Amino acid sequence: MVDQPVCACDLMLFGASGDLAQRKLFPALYQLDRAGLLASDSRVLAIARRDTDTAALRKALLARLEEQIPEPEFDATVAQGFVSRVEYLELDFTDTDGFLVLNDWRHPGNQLIVYMATPPSMYGVIARNLRAGGCCTERTRVVVEKPIGHDLESSKVINDELAEVYRESQLFRIDHYLGKETVQNLIALRFANNLFASQWDQNHISHVEITVAESMGIEGRWGYFDQAGQIRDMIQNHLLQLLCLIAMDPPSDLSADSIRDEKVKVLKALKRITPDMMAEYVVRGQYTSGTSEGKPVPGYLDEEGANKASETETFVALKAEIDNWRWSGVPFYIRTGKRLPEKMSQIIIHFKPAPHYIFDPDQKHLANNKLIIRLQPDEGMALKILTKDQGLDKGMRLRQGPLELTFSETFDTDRIPDAYERLLWEIMRGNQYLFVRRDEVEHAWRWVDQIIRNWHDSGEPPKRYAAGTWGPVASIAMITRDGRSWYEDV
Ligand code: NDP
């Protein structure tokens, strides 16, 4: 079915001057307009503190879109049309009276979307002020960004504040990984292909690897990042969401709650990592100086604005286990870090070898199939299978080769939409399946909080790794102890 514009939407964008709005949300909205997916009456109210007006905002926005959007995708007429949908309101979010004007801006027939691209501490304030200003209808959809809190307790406070004003069915909690095409493809891969569906358990899979690597360091965000660290910034949300999509049972349909119910079951089944398990299950690292893309780079503690005594982790590797019938005995090795050798995200499903091996003994290490799911760069999949090596002199020597599916080459698509395009589109359609439900957030925090508590109680500092390497050697030791290796190390 070809997508059609949904009903006209009034989008109130709180935090319109911020990095997320400028870098991601406005370009995504432009792309939706270019694709003909914004109804002609759809409008955007950009709300922020700074002293500007609609004319100046439109001019700046047009110039920025021209700079951000690659040439073949930039259409001056569409861009002009898009910016004319945008108006500006200067408002401090704590100014309750200032919210009274919002109700006048709204077209009662339009779907109201409130997007809070603001610090999470503002979510409750904005929600209450919208209610006080009479701008809180049953039909409102409310979008909030991660992080929802910095631990279970603080996430409950934010969720309670939102729940005071809105029902769960009105809330769209973003984890932008769920907007990536390849991540949604995990659902198609698993549940549309019986070939995999029937092999997806502890009988056939030996272990799973999930790597989300960044080559960047902190890029001027030291203070923000240091409050969070890699476990809160990446594992609690993006990596646990990936793990859920890989590990969940088949949902009975594609409805938001069917999918989210299954994800919650996985989060509930995650084995708690207790203090005595830490040495074997978790590695925490912090980068020192090294090289990145051929250039010398400073260590985390020497970055601009750094507190030299910080023990915040920039790398985490861990072994997650899921205590249920499907995954008993199948470790999920997860790692994510900054200043690693490359920017790359991939999931590798390692299948068990055939029950009886009959080929040359020195090739036995090749004997398991692997499914490699590349989330970035070069989105696609490869199934590593074993074939006979070609040639008279090769006998029955084996060779491992890929059945390769690179999306950009195989499918006739001119571009892969950015995650925020998909997410904004689903919000307009009122479909919550790519958004995180309250209980998912809270179960994820419960599991991660235990690890953070263990770190604090042990007082052990993070292990150092040189920028441009794959993290502390302890992360290699962690997987080697189980007789395995990280995929690219093979
Ligand atoms: P920024 O700090 O860049 O922007 C915050 C915005 O909120 C600014 O427009 C700021 O206005 C506004 N603001 C804050 N307090 C008030 C107030 N009292 N009254 C009016 N305006 C206020 O943050 P980001 O854009 O980076 O992030 C926004 C949210 O998205 C955060 O929750 C973040 O965690 C999340 N996020 C961001 C990502 C990113 O790539 N940037 C990625 C994933 C999540 P002013 O300019 O006047 O200060």
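Me: Which residue in strand 2 does F14 stand opposite?
Reply: This is a predicted model, in which local features need pLDDT of at least 70, side-chain atom pairs count only at pLDDT 80 or more, and totals for chains, interfaces and linings use all residues. Residues are numbered from 1 along each chain as its sequence is written, and side-chain values use heavy atoms, with hydrogens and water left out. Strand 1 (residues 9–14) and strand 2 pair in the parallel sense over 5 bridges; helices (H or I, at least four residues) and strands (E, at least two) are DSSP runs numbered from the N terminus, and two strands pair if DSSP finds at least two bridges between them. Opposite F14, in strand 2, stands I47.

Me: Which strands stand at the edges of the open sheet of 6 strands?
Reply: The strand order is 3-2-1-4-5-6, with parallel pairing. An edge strand here has a single partner strand, so one side of it is left without a neighbour in the sheet. The edges are strand 3 and strand 6 (171–173).

Me: Is F93 buried or exposed?
Reply: F93 is found in the loop between strand 3 (86–90) and helix 4 (100–105). Leaving out residues up to four places away in sequence, F93 touches nine residues' worth of surroundings that include F14 and I47, where contact means heavy atoms within 4.5 Å. Buried means under 20% relative accessible area, exposed over 50%, and partly exposed in between (1.4 Å probe, protein chains only). The relative accessibility of F93 is 11%, so F93 counts as buried.

Me: Is R49 buried or exposed?
Reply: R49 sits in the loop between strand 2 (43–48) and helix 2 (54–68). Its contacts, not counting residues up to four places away in sequence, are Y88, E90, L91 and D92. With a relative accessible area of 64%, R49 is exposed.

Me: Which residues does the UniProt annotation "binding site" cover?
Reply: The annotation comes from an unreviewed entry. UniProt positions are given in the numbering used here, feature names are shortened, and annotations may be inferred rather than shown by experiment. The residues covered are R49, D92, F93 and K146.

Me: How far apart do the C-alpha centres of domain 1 and domain 2 lie?
Reply: The bounds come from an automatic or database domain assignment. Domain 1 spans 7–144, and domain 2 takes in 176–412 + 436–479. Their C-alpha centres are separated by 35 Å.

Me: How many residues of strand 14 are buried?
Reply: Strand 14 (residues 370–376) runs antiparallel to strand 13 (residues 344–351), to which 6 bridges join it, and I349 stands opposite L371. A further 5 bridges join strand 14 to strand 15 (residues 380–388), also antiparallel. Strand 14 is largely enclosed by the rest of the structure, because its buried residues number 7 of the 7.

Me: Which residue in the turn between strand 14 and strand 15 has a positive phi?
Reply: The two strands form a hairpin with 3 residues between them. Across the strands, the bridge partner of I373 is M381 in strand 15. The turn residue with a positive phi, about 65 degrees, is D378.

Me: Which elements do the buried residues of helix 13 pack against?
Reply: Helix 13 (residues 419–429) is mostly covered, with 10 of its 11 residues buried. Among them are Y420, L423, W425 and I427. Their packing partners are strand 1, helix 1 (19–34), strand 4 (111–116), strand 5 (141–144), strand 6 and helix 7 (181–192).
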